[in-house]
Amino acid sequence: MTRFTYLKGDSFFHRMDPVMKMIWNVAVLLAAVFNFDPRYSAVWFVYLLATAMFLAKIPFRQFVRSLSAFLVFAFFIAFWKTMYYVGEAHELLVWGPFRITREGMLEGVSVFFRVLVICSLSIVFTLTTDPKRMVDSLIQLAHIPYRIGYVAYAMLRFIPLYENEAQVITNAHMIRGVGETGQSLKSQFKLYSTLLVPLLVSGIRRAQAAAIAMDSRAFGAYDTRTSIEEVRVTRADVAFVAVHVLVCIAAFWYFVWLGHGIRYYG
Amino acid sequence: MAEPIIKVSGLTYYYQNEAAPALRDVNLEVYPGEFLLLIGPSGCGKTTLALAMNGIIPLVMGGRIKGRVFVDGVDTRSSSVYELGTKVGIVFQDPDSQLCNLYVQEEVGFGPANLKMPRDEILRRVDEALAQVGESAIKHKLIYEISGGEKHRVAIASILAMNPRIIILDEPTANLDPLGAVEVFGLMKRLNRELGVTIVVIEHNVDPVMCHADRVVLMENGTVVYAGEPRQVIQERGRFVMDTMGLRIPQVCQLALALADKGVDLEPFPLTVAEAAQALTSLTPCLEFHPAPALPDKPAGEAVIKTEGLSFAYPNGTQAVKDVSLEIHRGDIVSLIGQNGSGKTTLASLLVGLNKPATGSGTVCGLSLSTASIRELTSHIGYVFQYPEYQFVEDTVYKEVAFGLQAQRVPPAEIAARVTKTLNLLGVETMKDKHPLRLSMGQKRRLSVATMLILDTEILILDEPTTGQDRRNIDNIMEIMCAANRKGTTIILITHDMNLAVRYSTRFLVMDQGELVFQGSRSEFFRQFRQIRSSVLVLPEIYELADKLRENGLTLVPQAYTVRDFVDAVTLCQPETPSTGAAATDTGGEAA
């Protein structure tokens, strides 16, 4: 769980407004994919690593732990690219069905770093963003209706409850001998279907109770409601995000518009 | 008298798609500044009436309605839920479902924010409301980090922040331990006295609240059957409330009624221990106490459960059970008590094999807790969960009861015979083709007991058997438990209902913060009571009364654990006033 959930902390990134952070995320993501040069992707990855360390103050070990979940995927896709490069290329080694080429290798490395860039972005975002602030910011800055925002709240609030409840019900059933009768498909199916009914019943009851409790406290009385915590976008946030948006535009202009970037190795 | 702040007149209500009315011709007036206690059996319409008082019924829930409800002179049907929400606040039973925000501050400010109040005003109200409930320190915490008691107080604060003139509490103590319950009612009384807030409490556990109430309202079958001052209601209708409606009344009230049957009238009719002590002390010249010889503690049988230094921690690091060494003997009824979160349920989970001890060792009927599987352990020890719904796995009552035997591969003919016998024993035989989830609360509870009872295990654990149950349901369950116990089954009650524990159990285990802080017989428990470290222990009223009388110089007053103990020990030597019921009639009616 803790690999990809919000970690309380105090850093530039923790303080940054979530919607601004999203814009930063998109800007970096786009800027990083406008050029296929592996060195270019690697630079972005190193830059994000430094951002995670210094601007988001994520402990290195934590960052690696979160990233490691994607490493297998990154390696696999890089390996695939290296092995199965289509087109004319400088062959380095041919052995049976395997054909390692210089271009394939460069492309593999590039893809590898791109995957890491995308993962690093989402890790930095999720580890430094309080979901509640994100919903607040979406309501106040992006003008998402607060009723929709509360759907997100309700999910964040009730998911841990359901997890806990599912555990208790599973325990209750194990004591009755469900699931111990065999490992057959039939008994496994029984295990899940018997878990689902009480979980649904209590889920519906809980949702009803929550709705009544919310109505009793005037939820939905007006089209807007007071936000207890005001979303603050600081100048530093704006400046930081603006720089990255500009870099993104520049990268597009230089690598795509003028065509100086490497699209693929041919 | 002033104009009523709530006036219910001729209210009949049917929930959507229901043929039977939930409320039938209810008439009730609530006056400003009143403290009202609303009692009635499970399913009699108390909660429905509460929802009608703040307009959720019929404005949100729909359904068919006849009659009128006026709040502050305004018909709820021509008002809006939002408007009514500022006048009538309801604190619901389950704190987890009514808290819908992530942080405490947001939760408490939720109502005012919905009403578009200015931010400064909201923050001021949040601080004030949290201070009222004594939880200012947790303002910036996440809701799912805080304890059950804290959640409950946050739920109350979130209502206080709306500044309502009327607060309705629906079974506020169902999920609280005894001290928590006393605190909640103390807070309500303060709001009532100091701020003139009108309070309506719906409650089964009446002991801590009866003395605060200005009026008691009795409900049955969807209608109000009686209302009056607490003394008057209990004096005139106490027997009816206990025997016919199947509800609890405070122990001192039971005592006063039982003594009245013996010709001893307590004046004025007591609602609290102090009043009872005073009334009894003033009667002393004509009262004689003949303490029954103290029953020797039941000799200990062989140990069926034995643990040595048992410890367990959850993956998140919570050390739930610390170094517990205990012994439970065959044929005992043992109460395992302690406040919420003290490790009672975790200890039970170790005994049935749901969790494995981290360190230490233990045996259940000779099986090692560290190595035996759940299946092996549960063939000796049955476990009835707190919420019966969780344990149901089949779609009819009959199959539900048969399930455990089928898993044990018992021959079908024998299964049929045993299931029928068990269903009869528990009084659910007419329901055998119904879906378990369609039963009433009491029936579900009995069914969950039946599913365990049929397996004839040597040990049976009951987790919080009294939560949200009326007295009749509790008595039913306990009768069945006692019958099983007489046949040799060892019973472990996990509870914080002290009256229940004291009435039924022969031995006590007390847990506090994961440690076992006491184990011993009932008499040892009371002797050492004040030394035991646990905040959950609240003495039964009757025991406190006997204590108080001894302090008042009545040295002959025996130790009394139950109302019957006390009544049996008292005789009247010179009746002051001629009494009609002098012949000692039934003195039963002891509430759990």
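# Worked exercises on a predicted two-chain model

In helix H6 (residues 131-140) of chain A, 9 of the 10 residues are buried, so the helix is largely enclosed by the rest of the structure. This is a predicted model, in which local features need pLDDT of at least 70 and side-chain atom pairs count only at pLDDT 80 or more, while totals for chains, interfaces and linings use all residues. Residues are numbered from 1 along each chain as its sequence is written, and chains are lettered from A and ligands numbered from 1 in the order in which they are written.

**Exercise 1.** Identify the buried residues of H6(A) and what covers them.

Begin with the criterion: a residue is buried if 20 or more other C-beta atoms lie within 10 Å of its own, exposed if 12 or fewer, and partly exposed in between, with C-beta atoms placed from the backbone. The buried residues of H6(A) are A:Lys132, A:Arg133, A:Met134, A:Val135, A:Asp136, A:Ser137, A:Leu138, A:Ile139 and A:Gln140. Their cover includes helix H2 (18-33) and helix H7 (146-176) of chain A. Helices (H or I, at least four residues) and strands (E, at least two) are DSSP runs, numbered from the N terminus.

**Exercise 2.** Describe how helix H3 (residues 38-55) and helix H5 (residues 102-128) of chain A are placed relative to each other.

First take the axes, which are lines fitted to C-alpha atoms, for helices over the stretch in contact, with angles running from 0 to 180 degrees between N-to-C directions; those of H3(A) and H5(A) come within 8 Å and cross at roughly 25°. That makes H3(A) roughly parallel to H5(A), since angles under 35 degrees count as roughly parallel, over 145 as roughly antiparallel, 65 to 115 as roughly perpendicular and the rest as oblique. Next, the crossing of H3(A) and H5(A) is left-handed, meaning that the near helix is turned anticlockwise from the far one by less than a right angle, whereas clockwise would be right-handed. Finally, the contact (C-beta atoms, placed from the backbone, within 7 Å) includes A:Trp44 and A:Phe45 of H3(A) together with A:Phe113 and A:Arg114 of H5(A).

**Exercise 3.** Carry out the same analysis for helix H17 (residues 441-453) and helix H18 (residues 471-486) of chain B.

The axes of H17(B) and H18(B) come within 9 Å and cross at roughly 15°, and the two helices are therefore roughly parallel to each other. Their crossing is right-handed. On the H17(B) side stand B:Gly442, B:Arg445, B:Arg446, B:Val449 and B:Leu453, which meet B:Asn473, B:Asn476, B:Ile477, B:Ile480 and B:Ala484 in H18(B). The residues of this contact divide into 5 nonpolar, 3 polar and 2 charged, where Ala, Val, Leu, Ile, Met, Phe, Trp, Tyr, Cys and Pro count as nonpolar, Asp, Glu, Lys and Arg as charged, and the others, Gly among them, as polar.

**Exercise 4.** Locate B:Thr467 and state its surroundings.

B:Thr467 is placed in the loop between strand E18 (459-463) and H18 of chain B. With 20 other C-beta atoms within 10 Å, B:Thr467 is buried. Leaving aside its neighbours within four places in sequence, B:Thr467 is in contact with B:Ala174 and B:Gln386. B:His204 lies 263 residues away from B:Thr467 in sequence, but 9.4 Å away in space, C-alpha to C-alpha.

**Exercise 5.** Describe the side of chain A that touches chain B.

The contact takes 40 residues from chain A and 50 residues from chain B. Of the chain A side, the largest share, 14 residues, comes from H7(A). The residues of that side divide into 23 nonpolar, 9 polar and 8 charged.

Terms used:
Two residues are in contact if their C-beta atoms, placed from the backbone, lie within 7 Å.
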